[in-house]
Each structure stands twice: as structure tokens, then as C-alpha cells.
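This report looks at an enclosed space in a two-chain model and at the place where the chains meet. Please keep the structure in view while reading.

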Amino acid sequence: MIKLENVTKVYKGDSVALRDATVDIGKGEFVFLVGASGSGKSTFIRLLNREEVPEHGTIYVAGKDIGALGSWKVPYLRRNIGYIFQDFKLLDNKSVSENVAFALEVIGKPRHVVRKQVPAILELVGLSEKINSLPSELSGGEQQRVSIARAFVNRPLILLADEPTGNLDPQTSVGIMRLLDRINRTGTTVVMATHDRGIVDTMRRRVIELDRGVIVRDQARGVYE
Amino acid sequence: MAISPLYALRETGQNLWRNLLLSLATIITIGVSLWLFGGFFLFNYAVDNATARWEGGIEFVVWMDPEASPEQDGAILEAISTSPDIRDHTYVDQDQAYEEFKEIFSDTPELVEVVSPDVMPPSYRVVPVDPDADVVEELASQFEGRPGVKTVVSANDTIRAIQKQADEISIVFFIGSIILLGAATLLILTNIVSAIRNRGREIEIMKVVGATNWFIRIPFMLEGIVQAVIGAVLAWGGLYVIDRKVISGLSDPDSLELMAGFEVSDSEFLSTSLLVLGIAIAVSVIGSSVAVTRYLDN
């Protein structure tokens, strides 16, 4: 599903964010990206979404070389990739259902599709009772659930999560991880950058560790260390 | 998938409403600049139409000395009659000149009383073949200073003075309107950049979930176009006032006779209106394109 071949990303000032990374992630896998701040986890995720372009190497997503995509095709790539942020990035002036519907409306989905899919995904994330609430009326965990619903409403093949539990307490984080696990069991590939040792150790999924841009460990059913 | 017209209109309306004061400032600046720009064209049309009429009826007058000898008079008449550059001429003798004088000064009988036909200079009213101002002046100068000729007068000097004044006014209109159009373009750009910054998070989400660039751009570009079109409608109203009140008022037959013909035809008004609308759309497309290209795509 995702394949990186000798990928190097260098930022201005010769700061190397990712160095000669080669990784193969299969369909339906759940992968944790771990490492210290500045180790290249976020760059790894941004490269998969074509928010960044590598200086060297090739990235394949669903069999396609995304570096070779014309800029006009990038939006279509992103429709197959859900994205979850640490700070949720919900639109404050829109209700829960409007936030989720927004993700479908802006890619031109017809109204009847929006009306059908939004309640279904909100039920999946356990927010059916809060469809008309504003983000300011929700707890952090609930806001992250809305963010997950927005990322998954279009049923993407891949879900990228950049520190999704970084702003949440441990108990709430467990609930979010259960939700991501449930989504993963539907066949969706999940790549999650995290600092949360407890979560990684509990879930025992594949762990890719980065250190100053270099992949230093790639372990099936790994722990944080 | 195409952008829904309802979505585009709703987003455009929200953008305009969020930046209401800046939107109003932009619309007013566009309106005033286009009004001046269109006014420049209407004024030029009116001046061209008026001077064309003056030039069409242009003539010069060779005033003879009342004491001129018959030989001198005959020489001038022969020169006028044989010149290939002269289409027609009329001789106005002293009695006819006196009748004209009485008619012109009928409101001041005391002036008429002190003048008699014998002091009135006879004259030749000469109509040249070519009404061009330079040709007429050159032709008239051939009679200047000849024996028996008192003076030669043409309407050229008056027309040129009016044209010069009109040109100066036009240039002020034109420069003012160009400066304001530049300001309007910058205001549209500022307005859209402000809207883009206000909606930074929305735009970020749209990009992440896979909205196309055009889907993101169109509401912002429409915002600029809507402002420009409203400005153009305001300008059109102002131009209508100029045309129907100012220009038509000046060309009123009861007003100055000189201004007869100072008018704008319906087709000229229509073409000016369309030009104003075209400029408005061009200005808005330039302003909004720069804004979305520079601040949205990066």
C-alpha cells in the first residue's frame, strides 16, 4: 500500500529530515512511527500526503509513484488518504455534522451521499448524540473523534495520524486508540506518529523508529523502547 | 467533480460579509475609478461630436477695409473665386453687414444708433474645400495683409482653445482614473488576501481532504468579480447622470449655442458602459489571480 525507496528529504539550511528511508507497508497494517521530536516522524507523514516532496527517492502509494503525479492530480491522491491532526483542526463555526460534511462537500460529493454518510460515521465514532454541537461544546476526546470522523468519512485506503493523542489525557487516548484500531480492522492502513509509550506498548503493532531522519528500527509487534 | 454553484455563491457571500467594510471600500473605489474612466470616454465623445459639427460648418471671414479701392476688392474676389481650395463664398456688403449688426445688437439700441452702414466693413465669408483646422488656417493666412484687407478671422483659434481645454480635462480624468484603478486592484488583492488569511484553517482542511485548487480558488475569485461588477454598476449609474444631466444639459438648444452637438449617442454610451464593465472584470481578475496565486497555492 505504501512503499518508500531510498527517500531523502532535506529542508532549507541543509537540515536532513529523512535520510535514505526504505519502507514497505502492506494493506491493512497498523504502523507506529516513534522517535524524539525532530526525528522526522511528521516529515514521513507529510511525504505520504504529498505535502512535501523528497529530494531523492521514490514514494509509492497504492502502487502509484506520487512524486510523478501532476499537481492537479494531488487532490485525487488525498481523497484516498485520511489525515488526523494533533490539534484536531475543527472549524469552530460549524457543528459536528457540518465539520464532517465539509470534507465531503469540498470534494463535490452529492447531497444525498453527504446526508447518508455523515450520520453513519458519527455513529461509528460514538457522537450520534452530538451532531449539532459546536466544537467548543465538546471535550478534547470528542473533538478528536470528530476529526477522525472527518478523516474517515470518505472511506480512505490510508489513515495518517500525527500525534492524535498528543493533546489528550491517557484515559481518553485509550478510547481514541480503540477507535483507530476498529477502523484499521475494516482494512484501512493506519500510520500513526506518536510519543505515547503506553499506547505503543499496549497495542503491540509494527513500530518504525526514526532517529535524526534515519530509520533505526522496524519491528513487527514492537514496543516503544 | 465540478464546483456546485450554490456552494460557490454561499462561500462568496460569506467572504464578502466577513470583510464588509473592506468590501465596501473596494466597491466604492472601483465605482469612482470606473466612473472617472468612463467619464473620460464620454467627455471625449462629446467633444469630438461637437468639434466635428463646428469643423463641418467652418469658414473664415476676410474683412475688407471700407476704404478699399474697387481694384483691391476685385483682386481679392478673383483670388477667392479662382482658388481650388475654396468651395464657396458669400459677399456681405456694408448694408447687409449693418443689418447683421442690428440683429446681433438688437438688445442695445443705443449702440445701433451710433453706427451707420458706411463704417461697416464689407466681407467675404469663405468656405474651404477641406475643413481641417490646419488647412483652413493656412488658406486664411494667404489673405492676411493683402491690399484692401483689414483682417482675416477664422473659428480655428476658438475651436483649438476649446479642444486644448478639453484635452487637458480629459488627461486629468484619465490619469485620475488610472491611479484609482490601480488602487482598486490593490484593494481587491488586499481584500482577498485578508479573506484567505481569515479562512486559513478551512483552506488547510480543504487541501488535506482533497479539494481541487479550482474548488478552493473560485469563491475567492468570484468575490473580486462581484465587487468589481457592483462597482461597475455604481459607475454606470454615475455615467448615466453625466450623460443625461451634464452633457445633455450643456447641449440643450436653450443653452450655449457653441455647445450644440456636445452630446453622446446611445451607441457611444453603450460601448462606454461595456468598456467599463470589461475593465472592472479585468481589474478584478488581475487582483484576485495575483492574490490566490501568491497566497493560496503556497
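In this predicted model, the lining of the largest cavity draws at least two residues from each of three elements: β6 and α5 (140–152) of chain A, and α8 (200–209) of chain B. β6(A) gives the largest share, three residues. The space in this cavity comes to about 110 Å³. Of the 14 lining residues, those closest to the centre are Ile81(A), Gly82(A), Arg150(A), Ala151(A) and Val209(B). How many cavities of 30 Å³ or more does a search of the whole structure find? The search finds one.

The next topic is the contact between the chains. On the side of chain A, 23 residues are in contact with chain B, and 17 residues of chain B take part. The two chains bury about 1800 Å² between them, and 59% of that area is on carbon and sulfur atoms. Within chain A, Lys89(A), Phe102(A) and Val106(A) lose the most area to chain B; together they account for 27% of what that side buries.

Which side chains meet in a salt bridge? Those of Lys89(A) and Glu204(B) do, at 3.6 Å from N to O. The count of salt bridges between chain A and chain B is one. There are also three residue pairs in polar contact between the chains, with both residues at pLDDT 80 or more. On the side of chain A that touches chain B, the elements giving two or more residues are α2 (74–78), β6 (81–84) and α3 (96–105).

The table sets out the residue classes for the cavity lining and for this side of chain A.

| Set of residues | Nonpolar | Polar | Charged |
|---|---|---|---|
| Side of chain A that touches chain B | 11 residues | three residues | nine residues |
| Lining of the largest cavity | nine residues | two residues | three residues |

β6 of chain A appears in both parts of this account: β6(A) supplies residues to the cavity lining, and β6 gives residues to the side that touches chain B.

Note on methods: Residues are numbered from 1 along each chain as its sequence is written. Chains are lettered from A and ligands numbered from 1 in the order in which they are written. This is a predicted model: local features need pLDDT of at least 70, side-chain atom pairs count only at pLDDT 80 or more; totals for chains, interfaces and linings use all residues. Side-chain values use heavy atoms; hydrogens and water are left out. Contact means heavy atoms within 4.5 Å. Buried area is the accessible area (1.4 Å probe) that two parts lose on being put together, summed over both. A salt bridge is a side-chain nitrogen of Lys or Arg within 4 Å of a carboxyl oxygen of Asp or Glu. A polar contact is a pair of N or O atoms within 3.5 Å; within protein, one must be able to donate a hydrogen and the other to accept it, and residues adjacent in sequence count only if both atoms are side-chain atoms. Helices (H or I, at least four residues) and strands (E, at least two) are DSSP runs, numbered from the N terminus. Ala, Val, Leu, Ile, Met, Phe, Trp, Tyr, Cys and Pro count as nonpolar, Asp, Glu, Lys and Arg as charged, and the others, Gly among them, as polar. On a 1 Å grid over the protein atoms alone, a cavity is a set of points where a 1.4 Å probe fits but cannot get out, and a pocket is an open set with protein on both sides within 12 Å along at least five of seven lines; lining residues have an atom within 4 Å of a point. Grid points are joined across faces, edges and corners, and a volume is the space filled by probe spheres set on the points.
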